[in-house]
Amino acid sequence: MPSTEKHTMEDDFTIARKKQKTSDEQKPPETSSDSDFSDLEEYETNTSTSTVNINYDLYLETINRKVLDFTYPKICSISLKTTSIYCCLTCSKYFQGRSTTTPAYKHSIDSGHHVFANLSNFKFYILPENYEVKGTKALESLNDIKMLISPSYNDKQITKLNQPDNLGIDLNGDSYVPGFIGLTNMSGQLDYANVIVLALSHVSNIRDFFLTWGPLV
Ligand SMILES: [Zn+2]
């Protein structure tokens, strides 16, 4: 009866394979563990913005206007990426993204800094709660920061710049024209160029031309 015995062993093997296959199909799918920065390319997707019972003024008092500087290249200080860059309005550092695995989100958790400005669309967001600041009064209080990120002037404002009463008075009692600040010496090689740019900015015709040009970056 060898042939019958062999047939029986093959049947047992086939049944065992079927049971194993059925068992594998019933197992829950394995979850991926590589969560770090896994959705860096999905910053703006899958992020919902709640509009229910939001106090838009919350955290705005944590903004530190003295440290804000928007003259640096829009590069994430962690990932060095250049897309979807937000500025933390408490420490002025640049971070990428807004979803839960991005540097901006992690910074809000680690540092307790909550207010971020998108450097491309000039909108303001609260992290880690992840909602956009939309309150009218809250947005009005942020207009000065929006102006720093993307300066824009209309003809009426430019005309006012040339009027004598636009001058300010410094702590020494000397008059000065508001709006002129030192330029960032990026890479330590632009100081000579900065001198020329600042000198030309005092020529009203040249200044007015670039003020009406719109954002340069
Ligand atoms: Zn910060």
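Helices, of at least four residues, and strands, of at least two, are taken here as DSSP runs numbered from the N terminus. On that basis, the chain in this predicted model holds seven helices and seven strands. Read from the N terminus, their order is α-β-β-α-β-β-β-α-α-α-β-β-α-α. Of the 217 residues, 14% count as buried. Among contacts with a sequence separation of 6 or more, 51% link residues that are 24 or more positions apart.

A word on confidence helps before the details. The mean pLDDT of the chain is 77, with 73% of residues at 70 or more. Among the elements, helix H1 has the lowest mean value, 47, and strand S2 the highest, 97. Over residues 1-10 the pLDDT stays under 50, and the model shows zero contacts beyond four places in sequence for this stretch. Residues 19-51 also have pLDDT below 50, yet this segment has 24 contacts beyond near neighbours in sequence. Where pLDDT is low, the predicted coordinates should not be read in detail.

With that in mind, the strands are a good place to begin. Strand S1, residues 85-88, runs antiparallel to strand S3, residues 115-118, and three bridges join the two. Within this pairing, Cys-87 has Ala-117 of S3 as its bridge partner. S3 also pairs in the antiparallel sense with strand S4, residues 124-126, again over three bridges. Here Ala-117 stands opposite Phe-124 of S4, and the residue thus takes part in both pairings, with Cys-87 as its partner in the other. Five residues lie between the strands in the hairpin of S3 and S4, and one residue of this hairpin, Phe-122, adopts a positive phi near 60°.

Helix H2, residues 103-111, comes next. Its buried residues are Pro-103, Ala-104, Tyr-105, His-107 and Ser-108. The elements that cover them include S1, S2 (94-96) and S3. Just after the helix comes Gly-112, with a positive phi near 70°.

These elements meet again in the largest nonpolar core, which has 19 residues; Tyr-86, Cys-87, Leu-89 and Phe-116 touch the most other members. At least two residues of this core come from each of S1, S2, H2, S3 and S4. S1 supplies the largest share, with four residues. In soluble globular proteins, nonpolar side chains tend to be buried together. Cys-87 illustrates the surroundings well: beyond its neighbours within four places in sequence, this residue is in contact with Phe-70, Ser-92, Tyr-94, Phe-116, Ala-117 and Leu-119.

Finally, Lys-74 offers a view from a loop, the one between H1 (2-26) and S1. Lys-74 has 17 other C-beta atoms within 10 Å and is therefore partly exposed, since a buried residue would need 20 or more and an exposed one would have 12 or fewer. Outside its neighbours within four places in sequence, Lys-74 is in contact with Thr-82, Ile-85, Tyr-94 and Leu-119. Two of these, Tyr-94 and Leu-119, also appear among the contacts of Cys-87. Between Lys-74 and Gln-96, 22 residues apart in sequence, the C-alpha to C-alpha distance is 9.6 Å.

Conventions. Residues numbered from 1 in each chain as written. Predicted model: local features only at pLDDT ≥ 70, side-chain atom pairs only at ≥ 80, totals over all residues. Pairing = 2+ DSSP bridges. Contact = placed C-beta atoms within 7 Å. pLDDT = per-residue confidence, 0-100. Core = buried A, V, L, I, M, F, W, Y, C linked by C-beta atoms within 7 Å.
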